[in-house]
Amino acid sequence: MSHSPSESDASAASRETFSSRSAFLLAAIGSAVGLGNIWRFPYVAYSNGGGAFLIPYIIALLTAGIPLLFLDYTLGHRFRGSAPLVFKRISGWTEPIGWIQVGIAFFISIYYAAIIGWAGLYTIKSFTRAWGSKPDAYFSDEFLHSEATQTFSTSIVWQIAIALALVWVATIIVLAMGVDEGIGKVSKLFMPLLTVLFLIVVIYALFMDGASKGLDALFTPNWSALTNTEVWVAAYGQIFFSLSVGFGIMLTYSSYLKPRTNLTGTGLVTGFANSGFELLAGIGVFAALGYMATQEGVPVDKVVSNGIGLAFVAFPTIINSMPGGAVFGVLFFGSLAIAGFTSLFSLLEVVVSAVKDKLNLDRKSAAIGTGVVMGIISLALFSTTSGLSTLDIMDKYTNNVGIVCVSLITIVCVDWILRRLDEFSLHLNAVSSFQVGNFWRICVTNVTPIILGYTLIQELQNLFKSNYGDYSDQQIDLYGWGVVGLIVVVAFMMSVVPWRGNPSLSGPPGTDFGVEFNVHQRIVTPQSHEARKAGFAAEQRRRQRRGRVEAVSLDAQRGGSSSQPVTSGNTADTTSTMSDAKNGKDKDQ
């Protein structure tokens with residue numbers, strides 16, 4: 001379906017926007033800084049070389065995390081839509097990729113909300129240290145009433161059901177308020193609050209007896225670990241999962257940016273802020289674990305844990321024995337709940353935005369309708385006695401299989417097959433202060449696919465070899481492979497559903513993307529070029545360019561805005577032309 005330039009411009013103009021760069025930046029950082037920063041990074045760093053792990057971690061950030069973040073920002077900003085609409089505008093047959101991203105966000109959202117509910121309840125329980133002297137037994141037996149062997153239970157744990165319902169109500173309200181009034185303003189409130197609370201937690205932990213013992217365990221480098229391939233894979237995995245790249249979040253958020261926004265500058269701030277928070281979390285967590293080891297008279301490695309066990313078992317044990325433990329508990333679990341909440345509404349926004357675009361719904365209807373359906377499913381699965389095992393399996397398969405797989409497919413499609421990365425680099429350079437070039441292309445099209453491919457193969461081999469976590473075949477088939485299969489099937493089904501409201505479905509939905517509206521780029525000498533081998537970005541920049549491009553300023557009264565978007569990167573010397581085009585334009589800083 002074709003659309004006139006005026007229709008496309010109107011479609012782009014009607015999309016909500018963040019009122020300022022700071023609102024977007026805090027929302028993006030809020031999405032990236034989640035539960036994994038607090039309870040996953042410290043353990044991954046400790047078990048993969050300690051201080052030496054920071055070397056592959058920083059390299060992974062620079063060669064995979066930030067380059068992929070730039071790609072997500074570019075796709076959302078250039079094509080101005082939800083994940084399915086963006087991929088539909090890139091090429092009609094790639095729309096299912098967007099729906100797979102939506103499906104992954106859907107399932108992560110429904111179990112992520114449960115953990116936030118737990119953290120909220122533990123914030124309250126910290127006042128009285130309700131878990132008693134045996135936090136492990138309390139968490140599994142009295143708090144969750146966990147039945148690990150049950151595939152599906154109808155026995156509801158009412159305190160969890162109420163907390164989970166409140167989490168969903170709060171999240172739906174934020175999204176129904178809108179991108180700027182809801183997500184933007186809540187992020188401006190919660191991210192500074194989270195920073196202050198967690199700084200207090202870290203400072204508090206640093207002054208406890210044995211804190212130095214924990215920090216020594218974390219930062220003492222094991223240089224031999226750098227020769228271990230698994231350590232490097234762990235570093236890339238940590239960066240990849242913690243930055244919220246590859247499954248629609250950053251793509252969706254960047255679609256709400258104003259046309260003149262510094263994408264790479266914002267991406268750099270987001271990436272380094274996320275890693276800074278992870279490092280801060282590592283210091284706080286291991287200082288507390290050092291105190292715990294000192295109190296119990298054992299080495300630090302005897303008390304180290306990660307994930308749910310670290311948050312809901314190890315920390316309550318620490319809180320029991322420390323002076324002012326109740327205050328520390330409120331601060332820690334409050335920080336956990338806030339970090340989770342800012343990530344949750346970014347996940348839900350991926351789904352809401354897709355439903356809104358596909359069905360041409362208003363924001364409130366899409367947010368309430370989608371949120372209620374997801375909330376009901378979440379309550380049915382995770383407020384019961386089988387919730388913990390269901391959550392564990394679903395988390396494993398949606399993250400380690402779903403996200404890795406869809407990210408790999410995205411890169412293969414947009415560059416190895418469609419060869420569109422030049423176009424996206426032009427867009428980035430036209431609106432950004434930090435320019436990308438060959439290094440970015442190589443990282444996205446070569447380095448990242450190798451790492452993702454290796455990670456996926458290793459993960460699949462382990463999952464096929466034996467059931468994850470010793471769960472039953474029925475549990476694995478339903479909440480593991482069943483969820484992955486359902487996501488793929490529904491993705492293709494949604495792709496054949498017609499788009500309502502007559503949106504632009506081909507190319508950028510406007511002309512003001514990366515080039516001034518009165519500058520038109522055209523190829524005046526047709527370019528002949530040799531076909532390059534897909535995916536090898538370095539070859540693309542080395543081949544001889546034979547065409548030439550000239551920028552022709554159009555008189556506003558004669559031509560108005562051009563219907564041509566930024567030209568493909570296969571045109572000659574386009575980078576310099578785009579750089580000239582952006583001189584003097586005002587960016588939304």
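## Val-231 and its surroundings

Val-231 lies in helix H12, which spans residues 229-242. The model described in this report is predicted. With a relative accessibility of 4%, Val-231 counts as buried, because burial is defined as under 20% relative accessible area.

Apart from neighbours within four places in sequence, the residues in contact with Val-231 are Asn-48, Phe-53, Pro-56 and Ala-225. Pro-56 is 175 residues away from Val-231 along the chain, yet their C-alpha atoms are separated by 7.8 Å.

## The chain as a whole

The protein chain contains 23 helices and 2 strands. Of its 589 residues, 59% are buried. Among contacts with a separation of 6 or more, 85% are between residues 24 or more positions apart.

## Helices H5 and H19

Helix H5 is formed by residues 54-79 and helix H19 by residues 421-431; the two pack at an angle of about 85°, and their axes are 10 Å apart. H5 is therefore roughly perpendicular to H19, since angles of 65 to 115 degrees are placed in that class.

On the H5 side, the contact involves Phe-70, Leu-71, Thr-74, Leu-75, His-77, Arg-78 and Phe-79. These residues meet Leu-421, Glu-423, Phe-424, His-427, Leu-428 and Val-431 of H19. Sorted by class, the contact of H5 with H19 comprises 8 nonpolar, 3 polar and 2 charged residues.

## Helix H6

Helix H6 covers residues 83-90, and 8 of its 8 residues are buried, so this helix is largely enclosed by the rest of the structure. The buried residues of H6 are Ala-83, Pro-84, Leu-85, Val-86, Phe-87, Lys-88, Arg-89 and Ile-90. Lys-88 and Arg-89, both in this buried set, belong to the residues that count as charged.

## Helix H21

Helix H21, made up of residues 473-495, has 23 residues. From its first C-alpha to its last, H21 reaches 31 Å, close to the 33 Å expected at 1.5 Å a residue. The helix nevertheless contains a kink of about 45°, centred on Gly-482.

Buried positions in H21 are Gln-475, Ile-476, Tyr-479, Gly-480, Val-483, Val-484, Ile-487, Ala-491 and Ser-495. An α-helix has 3.6 residues a turn, so residues three or four places apart point the same way. The buried residues of H21 pack against four helices: H7 (95-125), H16 (325-359), H17 (363-382) and H18 (387-417).

Conventions. Residues are numbered from 1 along each chain as its sequence is written. This is a predicted model: local features need pLDDT of at least 70, side-chain atom pairs count only at pLDDT 80 or more; totals for chains, interfaces and linings use all residues. Side-chain values use heavy atoms; hydrogens and water are left out. Axes are lines fitted to C-alpha atoms, for helices over the stretch in contact, and angles run from 0 to 180 degrees between N-to-C directions. Angles under 35 degrees count as roughly parallel, over 145 as roughly antiparallel, 65 to 115 as roughly perpendicular and the rest as oblique. Contact means heavy atoms within 4.5 Å. Buried means under 20% relative accessible area, exposed over 50%, partly exposed in between (1.4 Å probe, protein chains only). The expected span of a helix is 1.5 Å times one less than its number of residues. The bend at a residue is the angle between axes fitted to the seven residues ending there and the seven starting there.
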